[in-house]
Amino acid sequence: MTGNSRSADAGVAAFRALWDEIAPIGRDPVSGGYLRYAFGEPELRLRDWFRRQAADRDMPVEQDGNGNLFAWCGDPAQGDAVLVGSHFDSVPHGGGYDGPLGIVSAFLAVDRLRAGGRVPYRPVGVVAFAEEEGARFGVPCLGSRLLTGELPVERAAALTDSDGTTLVEALGARPVGARPDLLGRIGTFVELHIEQGRALVDLAAPVGVASGIWPHGRWRMDFTGEANHAGTTRMSDRRDPMLTYAFTVLAANKEARRYGAQATVGRVEVEPNATNAVPSRVRGWLDARAAEVATLDSLVEAVGQKAAERAVRDGTGVRLTRESVTPLVEFDGGLIELFRKVLDDGVPVLPTAAGHDAGVLAAYLPTAMLFVRNPTGVSHSPAEYAGDDDCAAGVSRLADVLTALACGPVPETTGDPAEEA
């Protein structure tokens, strides 16, 4: 076996050992997907795991008051820190790699630096951001938005989940909000993430670099009508908001295709939610994404117009409320060029339509992302998957990036390079 083969095998074994510690946490035995809602029991267990990993590496853990956790290698007070990581929470019955892969890879990349004798001259931090998916409190990238001040603390304090629990109660204290003192200590953010698509499969590449994120957002759609008996109410007398809602879903699909964009309605609430009753209210959420801001605006406007026109016909009411919007994100060009140089000029550089904490941080400091190949291209589903070899390759590339960003020259060695890795 060659030195490179031994090194690769060791990387796979190290990844699998750490991954197996968290893989069972929060997995639903029926669907096989994950129920890791922010600050719920499974996610709290993952936070405890984060603290144990940090303690094993003598990395002090800092909490920012917004639900975000930071483990530091070096003194963050020095400033210009390199931050790496992602999030633990999932969408309902989602995959296990979306988020946690970036945190596991970050700890393993730190291990590789230390095993190779690399000494960071900049502080290196591993972060676990809170509520990136927005599955519990409805605002995606909640932790990073609070950290940067993009989400006002007053709005955050008013957020509640479906059970009526407030974010304040979930955190155990009032959200702190913007932390310019902490944000000012971070010089660079790098997020490793499973690719949520098939581009790397098509390019036959295990790892890629993100160029940017499409503009995207969420809009709540409230349709109101009149509750009535399903059997005794004549069809001509009905004011059924479900009809307006159903038409709007189809209109969103049609308009997204017309604009070359994406539109999804994947969540709905109905009142009174009875089989034998005409609904009084239907509430749905529109997720819309496009390559350009103007296209996104036109798409949402068109959907709203179609919904309003149909509401007149149905005798119902409709209102669209913007809940969150992320503009076009272009990751730092200098970092992308550095990554291409470090990882080799052949590494793919590709955009994504998926949102990330990196998309929020990019407006405040140099930010970049690495993607790990997803052989199925499926994400936000139990079918989401990445091979161990590709995950280990992602760790290796992340360690290379950290070396370039935060470390001094590679020390001279006299032994087998595989043994030194």
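Helix 13, residues 388–406, has 19 residues and should span 27 Å at 1.5 Å a residue; its end C-alpha atoms are 26 Å apart, which agrees. Helix 13 is mostly covered, with 14 of its 19 residues buried. The model is a predicted one. The chain that holds this helix has 14 helices and 15 strands. Its radius of gyration is 23 Å, close to the 22 Å that the globule rule gives for 421 residues, so the chain is as compact as a globular protein of that length.

**Whole chain**

- Along the principal axes, the C-alpha atoms fill a box of roughly 85 × 45 × 40 Å.
- Buried residues make up 52% of the 421 in the chain.
- Among contacts with a separation of 6 or more, 77% join residues that are 24 or more positions apart.
- The exposed area of the chain is about 18000 Å², and 51% of that area comes from carbon and sulfur atoms.
- There are 57 negative and 41 positive side chains, and the centres of these two sets lie 6 Å apart.

**Leucine 108 in helix 3**

- Leucine 108 belongs to helix 3, which covers residues 100–115.
- With a relative accessible area of 8%, leucine 108 is buried, because the cut-off for buried is under 20%.
- Apart from neighbours within four places in sequence, the contacts of leucine 108 are Ala14, Phe15, Leu18 and Val395.
- One of these contacts, Val395, has a number that falls in the 388–406 range of helix 13.
- Leucine 398 is 290 residues from leucine 108 along the chain, yet their C-alpha atoms are separated by 9.2 Å.

**Helix 10 and its cover**

- Helix 10 runs over residues 293–314; its 22 residues should span 32 Å at 1.5 Å a residue, and the end C-alpha atoms are 32 Å apart, which agrees.
- The buried residues of helix 10 include the leucines Leu296 and Leu299, the valines Val300 and Val303, and the alanines Ala302, Ala307 and Ala311.
- Thr295, Gly304, Arg310 and Asp314 are also among the buried residues of this helix, so the buried set includes charged residue types, given that Arg counts as positive and Asp as negative.
- Strands that help to cover these buried residues include strand 7 (216–224), strand 9 (262–271), strand 11 (281–289) and strand 12 (317–326).
- Helix 9 (241–259) is also part of the cover.
- Glycine 315 follows helix 10 and has a positive phi, near 70°.

**Backbone exceptions**

- Most residues other than glycine have a negative phi, and most peptide bonds are trans.
- The peptide bond between glutamate 271 and proline 272 is cis, with omega about 0°.
- Proline 272 sits in the loop between strand 9 and strand 10 (277–278).
- Aspartate 80 is not a glycine, but its phi is positive, near 55°.
- The loop between strand 2 (69–73) and strand 3 (81–87) holds aspartate 80, which is partly exposed at a relative accessible area of 43%.
- Glutamate 131 is another residue that is not a glycine and has a positive phi, about 50°.
- Glutamate 131 is found in the loop between strand 4 (124–129) and helix 4 (142–148).
- At 1% relative accessibility, glutamate 131 counts as buried, whereas aspartate 80 is partly exposed.

How values were computed
Residues are numbered from 1 along each chain as its sequence is written. This is a predicted model: local features need pLDDT of at least 70, side-chain atom pairs count only at pLDDT 80 or more; totals for chains, interfaces and linings use all residues. Side-chain values use heavy atoms; hydrogens and water are left out. Helices (H or I, at least four residues) and strands (E, at least two) are DSSP runs, numbered from the N terminus. The radius of gyration is taken over C-alpha atoms; the globule rule is 2.2 Å times the number of residues to the power 0.38. Buried means under 20% relative accessible area, exposed over 50%, partly exposed in between (1.4 Å probe, protein chains only). Contact means heavy atoms within 4.5 Å. Accessible areas come from the Shrake-Rupley method with a 1.4 Å probe; for residues, only the protein chains shown count as cover. The place of a charge is taken as NZ of Lys, CZ of Arg, CG of Asp or CD of Glu. The expected span of a helix is 1.5 Å times one less than its number of residues.
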